[in-house]
Structures are given as structure tokens and as C-alpha cells.
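Biologist: Got a minute to walk me through this structure? I'd like to start with a pair of helices.

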Amino acid sequence: MSNAIDPEKVLDAADNGAILDRDEALALARCVQTDRLARIAESLCIAGHGNHVSFSKKVFIPLTQLCADVCHYCTFAHAPRRAEPAFLSQQAVLDIAQRGMEQGVKEALFTLGDKPEHRYAAARRALAALGHETTLDYLEAAAALVIEKTGLLPHLNPGLMDEAWARRLRRVSASQGIMLETASERLSGRGGPHFGSPDKHPAARLAAIEAAGRAQVPFTTGILIGIGETRLERIEALLAIRDLNERHAHVQEVIIQNFRSKPGTRMAGAPEPSLEEQVWTIAAARLIFGPAMNIQTPPNLRPDGLQRLVRSGINDWGGVSPVTPDHVNPEAPWPHLDALARETERAGRVLVERLAIYPSFAAQPERWIAPELRAPILRVKDGQGLAREDFWSPGGTQSLPVAGITRLRAKDSRASPRVAESLGRISQGEGCDEKIIEALFDARGADFAAVCRAADRLREIRVGECVSYVVNRNINYTNICTYGCKFCAFSKGRHNLGHRDKPYDLELEEIAERVGEAWARGATEVCLQGGIRPGYTGNTYLSVVETVKRAAPGMHVHAFSPLEIWHGAQTLRLTLRDFLSRLKAAGLASLPGTAAEILDDEVRAILCPDKITTAQWFEVMEAAHDVGLKSTATIMFGHVDGYRHWARHLLRVRELQARTGGFTEFVPLPFVHMEAPIYLKGQSRKGPTFREAVLMHAVARLILDPVFTNIQTSWVKMGPEGAILCLSAGANDFGGVLMNESITRAAGAAHGQEIAARDIEKLIKKADRTPRQRTTDYGTPTRERRRASSLASLPGGHGQEDLTGVGGPEAAPPLALSG
């Protein structure tokens, strides 16, 4: 049937987005237009993966090089040698893994011969000495040790396994694999490359791949080209893989590997496949599997053709090791990552690091990741499911990543066509949908620099060179809370007793004293929030506002999250508008936009399931704006969320602001993980990466324009130097001096409890910008307020005083969020 199909019509159909059926795919075997085939394949690849070409930074752990099979092209496997142990010891395995960990490696690739104990007595004796009966038993123990001691994610290539073993090893591996190599029975016959290797029989290999699918294992497979197969046989092998994947959806990548002849083997004189053959096969695979599949080819086996390979439809280079050689192809050294990145960029793409498990599989942990592996994977992945690019985390003491700073400051890098088009739409005032915003958050390399530059230009147009800040004090009246927010290390309630601070509840007199101190030091604002303590009612919040106004009538009262407003209104059986009107009459001037976290109920169901919903948060804010109370808007990101959730959050905040104009600023708050309960339980990431944290400011500037004028950066979360860099990515506000900080510090941050006004101004000037002290509503403080804050910042004043102990040993310092 396939002989009756014109290959040119197949290419036409693929070029128009058609999914090839079996006969159409088989017809590709007669396609001779390799260049056109590759162009279509590259277009499909970019449609599915954008401009990314991924790789995994790995160590290669050859657990044993003994094997029951004898492939005629292989130098990895050999017979037992007197001076060489049959298996690596656990210490040897751990030494390799630890060297990798020191180099930032995230994958431990275990490659080994197939069940050597079936062939060699030496293997059986060695296993017995190690305390194991089988190679798979020992592999299980070694992989578990690597996870426990290093956090590296094992990828296992142990040969044939049944479903029971695939399921068992799933508990100690992020992914597994076996190369199909070929579906041709002919190549297992006498004179063929697989003769004498029963484990290479196509039926056995296909059964192992299917068993992994039933066990729900993220799986790697592929074909080896140039071992005597025809083009038609390659396509038949690819179709066999596609059939299995259509049943189980477990194949995460398909490798197209080119045969390399090796001295000392029976195929030492066999011709190697040409670059043209490899390009043709990669392109055919892309058309057969479509845009979404990950198609890989090893870069070390074709170092002189990398750009051509990229343009043939691949989106992955496979594992590359800065530590260990390729033990299967020792004659082919790994390319240096800088060189690989340059070659990838010359082909119009950007090199990105991934994990042993691909993002689409990591995004469905309940289906694809064993419970034992979920925490190790979360610790090393970013919001897209790729590998974290550096060791930086919000609130930590790590140095800012040099590579990230370099990319941010790059002035001559060009954006990819997709990102350039999106930025062009934004500059023309055209709307952006969720997918476009997701792509902006995924900007890497030159795209990252381009997005930040665009945001900085827009900031300059909207607000000029001034960077504002407010002199404020945060007062947290209680850390006792009945809610169970899983990210919160500050509140003391049923979910988080035993953390840093003791429960407390400030008396009104103590609140008044702290307000008076803040006024004396030049503050124009106090920000008040607290836990939802049993017994608190709407009258509690009214009393707090009245206390502040009595202590300092001129103080701006910026108080109560939407959760507190919701709670207060319910306890007094008032509508939101009526309760907010009472608060306003008592002296409330604005609301902090906290309790937002991520404004998407998919995330909130995990992060804060008993808190107000997304709709309720917006209901409070709209009511506040209706009665004349301004508010801020925040996002707390980098935990269990993803780029689609960030996009939805921005679009929803923008929609309300377009109607009410009631938000004064947007405040990105990167998640600080160190003491957060959800992180300590292994259920969240360790905050956004540096790139993601900076991009949140940049993308917010671009997407929220023109309805939001001000984008704030948090020096507590980003660190002072990180906050400076955000001023080059769309931010124009530095937040507040805080006069103590508690929530972020309770979560493990180490950036201090206060920064003096003079120090904020120094930091702003360091960024070549002009500091401007502001009020909460972005007005100008009176001369008297500016003078008081200036005196408090002088040496010998109170600008650096630690007020933690004010109010007695059980009184906690004020709240962390100036927004």
C-alpha cells in the first residue's frame, strides 16, 4: 500500500500539519528530498519545543561491563578480567556521583551489561560478595544510595526487564531506558550484528518497552542507524515505538544514534552512516512522531555536523558529562558545554539544561514519579520542569549567579523570532494570551536579555529614572493562626508548631508604642497584618486601626489582607463593602495585596486549601476599590506553581485594574523555601531561579502596562544586589525600609530585618538611578517626614537598631511584607 503513495504528497501533508498514518510513514522510505524533509521537520520541532535544544548534565556510572550478550560492534561489554572488579563497589559508585554533584550534575546514568550472571560465574561470585543475588538487585541498591547521598537523579539502562522489575526500579529512578536499535529480525540472524545476542531480539526489546509503559516509567528508547538496516527498516522500528507510545504515553524521548566502528570488533571495518543519512532519519522520525516528541541525537558522535543536526528536527542532545567519559563510545569525547551552546546558537536555537525526566512527565508526578523521587526532583527543577540553572534561591546568602547577571546585561543579543514577535505585539499595545506570557517566562539566553531590555525601556517611558521607596514599619499583631497555609513558616497554628518563634498576641498598647516609634523615625506608613487568631472578629481590626490613629494621627494605615477582611466581615455579619466602609471611617487608608499567593485555584488547592479562593480575593479587592480604598497586588511564586499559573495571575490582576484602577503597584514576592513547611516535607521547589525571579518583574512590567505604573522589587527576597538588578528589568520601586522583618526571616531568609533610608538611596544610585522617597500612594512626604527619616538614618540614630525585643521576649517583630 505504501508503494502507491507519493512521498512528495506525504511531505505536503506533513508541511500542513497532518499526522502521518502508517502507510504514509512507510512511504517516507522512498523520499529523496532530504533538505525539504529536514526543513519540515525543523518547523515541526520549533512548533513543539520553541527554540530550545536541551541536554542533561550527567555522570556515567558503568556499574558492570560484563554482559550476557555479544554484540559485534560493542567495546563496552567484555569478558571478566583478572585485574578488574566485575562490578563497581558502592563506594566507587558514590565517588563518581559526588564528583558529579560538585560540578552541578543532576543525572546519574547507570549503564551496564544485561544480566551478566546468566553467562559468567565471576559475575555470580562478585554479586554474592556484594550481598546480592542479581545485577538488578545490586543496581537497585546503588541507585538508592546515589539518591540518598547526592540527590542526583538516576536514569537506568539495565537491559531487558519485565513489568515487575520496571515497577520496582521506578522507586529509585527518575527514568529508565533501553534502545530498541532495530525492529528487523534479519539483523539477529547469522552474520548479522545481533547474532548470538538473544537480548537484542526485537520482540524481546519491544516487550521490555511495553512492560515499562504498563509500569508507568518515563522511558527512553531509539534506533541505531548504520548497522546494516534499510531506510524502510528504520521507519518500521520507529513505528513500532510509536505504537507502544500510543498505548502507554510513556516514551519521553526517541534517540537517533549513528553507528561508530570500533577497532577490535567484528564490525571494525563496517562503513559508518553519513551525515546525510543521519539527517534523513532524524527528520523522518520528527514527521512520524510529530511536534511534541523529544527527538535526540548524541553530539559527541557527530561533532562536525552539529548545526545540520539541529536543523533536521532534534530538540535534545542527550546526556553530556563534565566528569566522566562516554564509556560506550570512549573514542568520542563529550563536547565542552560552551562549545555545544555556541554551535546550538549558530543554528538559531538556545541550549537549555533538563533533568533525567522531561518537563511534561515531571508535571504529572502522580502518574509518572514514584513518591520516593518526588522531593529530589522538585529540588532541582524550575517552573517549566527543566533543571535549575544555578544554586541561587530567594532569601539565601548565595552569590548572585554570574551567568545570569551576564545575560541580563547583554546588550547585543537578538531575540528568537517567536519572542521578538511577542515583544512587538506588546509594544504595539496588542493583547497577549496565556500562551504568549508563558513563552516570555520561559525566555532563556538571548531571549531573557531581550525581554528584560524591553521591560526596562517601557519602565523608562512610563516612570523615568526615579526609583521610589517608602519609610514604613511592619507590625504583626499575632502569629497565631487557625489556617493551614503550607508555605507559611511564620504563623503558629495546627500545621506549624515548633518553628522558629513562639506564639504571641500583641496588646493594643504595644501596637501603639510601635506606631509611636515608627513616627519618631520618620515613617509615613505602618503595615499591619496577622494570623486569623481564634476569637478575632471584625471589631478586633477596627480597634487596631483606631489604636494606630490615636498614636499617630498622620500615619497612613496600610492594613489587613483580603483574608482578614473576609474574616472580619463574616464575624460581624456585614457585607464586604459595609465592613470596609467602617474600617475606612476608622482610619484605614489602603490594603496590602497579600494572601494572593497564586491567584489560580489549581495551585491554591495545594498551597492554601482552606484560605479564600481566587474569586473571593478579587471580590474583596473590588469592594475595597469601590469604597475608595487603594491596595497593592502581589504574587508569591516559585513553589508548586508553573508558568501557566503566573500568566493567569497577571491576566486576572490586569483585568480588575483595568476596571477599577485601584492597585497602586504590583509586587513580586519570590518564595523563600528554607523553613517553609511545604518544602521541608519535600512537596515544593526551592523558590524561583534567579532568571525566573528577574523575569517576573520584567514580564509584569510588559503585561500589566499601561494599567499598572509601578513594579516593586523586594530587597528582602532578592537581596539588595538582586533588587538592584531588577531595576534593569522593569522595576521602579524598592519597597520599604521595613524597620524589622519577620515573615521572610521566619521562612529562612538572611537579608536582615531593616535597611536604612540612606542605604536604600545608595543602592539606587549604584544602579545609576535617582532615589525618591514616597508615601504609600506615591505622593511626596512632607519636609518634616523626610527630615525625621533622614535623622533616623544617620550614624548614632536608630536606623540600624534591632527592635526584635520590643514588647518583651515573646513579642515578635513586625510583618515582612511592605507591599
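Modeller: Sure, and keep in mind that this is a predicted model. In α3, the residues Thr34, Leu37, Ala38, Ile40, Ala41, Leu44, Cys45 and His49 touch α10, where the partners are Glu276, Val279, Trp280, Ala283, Ala284, Arg286 and Leu287.

Biologist: What's the make-up of that contact by class?

Modeller: Between α3 and α10 there are 11 nonpolar residues, two polar and two charged.

Biologist: And at what angle do the axes of α3 and α10 cross?

Modeller: Roughly 45°, with the axes coming within 8 Å. Helix α3 covers residues 34-49 and helix α10 covers residues 275-289. At that angle the two are therefore oblique to each other.

Biologist: Left-handed or right-handed crossing?

Modeller: Left-handed, as α3 passes α10.

Biologist: OK, switching to charges. How many salt bridges does a search of the whole structure find?

Modeller: It finds 55 salt bridges. In general, side chains of opposite charge can pair when their charged atoms come close.

Biologist: Show me one. What does Arg354 pair with?

Modeller: Glu253, with 3.4 Å from N to O. Arg354 sits in strand β9 (residues 350-354) and Glu253 in strand β6 (residues 251-258), so this salt bridge ties together parts 101 residues apart in sequence.

Biologist: Is Arg354 buried or exposed, and what about Glu253?

Modeller: Arg354 is buried, at 3% relative accessible area. Glu253 counts as buried too, with 4% relative accessibility.

Biologist: Which residue does Glu389 form a salt bridge with?

Modeller: With Arg444, where the closest N and O atoms are 3.3 Å apart. That pair links distant parts of the chain, 55 residues apart. Glu389 is in the loop between α15 (371-380) and α16 (402-409), while Arg444 is in the loop between α18 (434-441) and α19 (446-463).

Biologist: How accessible are those two, Glu389 and Arg444?

Modeller: Glu389 is partly exposed, at 30% relative accessible area, whereas Arg444 is buried, at 4%.

Biologist: Any salt bridge inside a helix? Where do Glu438 and Lys435 lie, say?

Modeller: Both are in helix α18, three residues apart, which is about one turn of the helix. Their side chains meet in a salt bridge of 3.8 Å, N to O. Lys435 counts as exposed at 61% relative accessibility, but Glu438 counts as buried at 17%.

Biologist: Why does Glu438 count as buried at 17%?

Modeller: Because the cut-off for buried is under 20% relative accessible area, and Glu438 is at 17%.

Biologist: Which residues do salt bridges with shared partners join into one network?

Modeller: Asp382, Glu389, Asp442, Arg444, Arg691 and Glu692. So the Glu389 and Arg444 we talked about are both part of that network.

Biologist: New topic, backbone oddities. Is the peptide bond from Asp705 to Pro706 cis or trans?

Modeller: It's cis, with omega near 0°. Pro706 is in the loop between α28 (690-704) and α29 (715-726).

Biologist: What about phi of Gln216?

Modeller: Near 55°, a positive value in a residue other than glycine. Gln216 lies in the loop between α8 (202-214) and β5 (219-225), and it is partly exposed at 31% relative accessible area.

Biologist: And Asp768, where is that found?

Modeller: In the loop between α31 (757-766) and β18 (770-774). Asp768 also has a positive phi, about 60°, although it is not a glycine. Its relative accessible area is 69%, so Asp768 is exposed.

Notes. Residues are numbered from 1 along each chain as its sequence is written. This is a predicted model: local features need pLDDT of at least 70, side-chain atom pairs count only at pLDDT 80 or more; totals for chains, interfaces and linings use all residues. Side-chain values use heavy atoms; hydrogens and water are left out. Axes are lines fitted to C-alpha atoms, for helices over the stretch in contact, and angles run from 0 to 180 degrees between N-to-C directions. Helices (H or I, at least four residues) and strands (E, at least two) are DSSP runs, numbered from the N terminus. Angles under 35 degrees count as roughly parallel, over 145 as roughly antiparallel, 65 to 115 as roughly perpendicular and the rest as oblique. A crossing is left-handed if the near helix is turned anticlockwise from the far one by less than a right angle, and right-handed if clockwise. Contact means heavy atoms within 4.5 Å. Ala, Val, Leu, Ile, Met, Phe, Trp, Tyr, Cys and Pro count as nonpolar, Asp, Glu, Lys and Arg as charged, and the others, Gly among them, as polar. A salt bridge is a side-chain nitrogen of Lys or Arg within 4 Å of a carboxyl oxygen of Asp or Glu. Buried means under 20% relative accessible area, exposed over 50%, partly exposed in between (1.4 Å probe, protein chains only).
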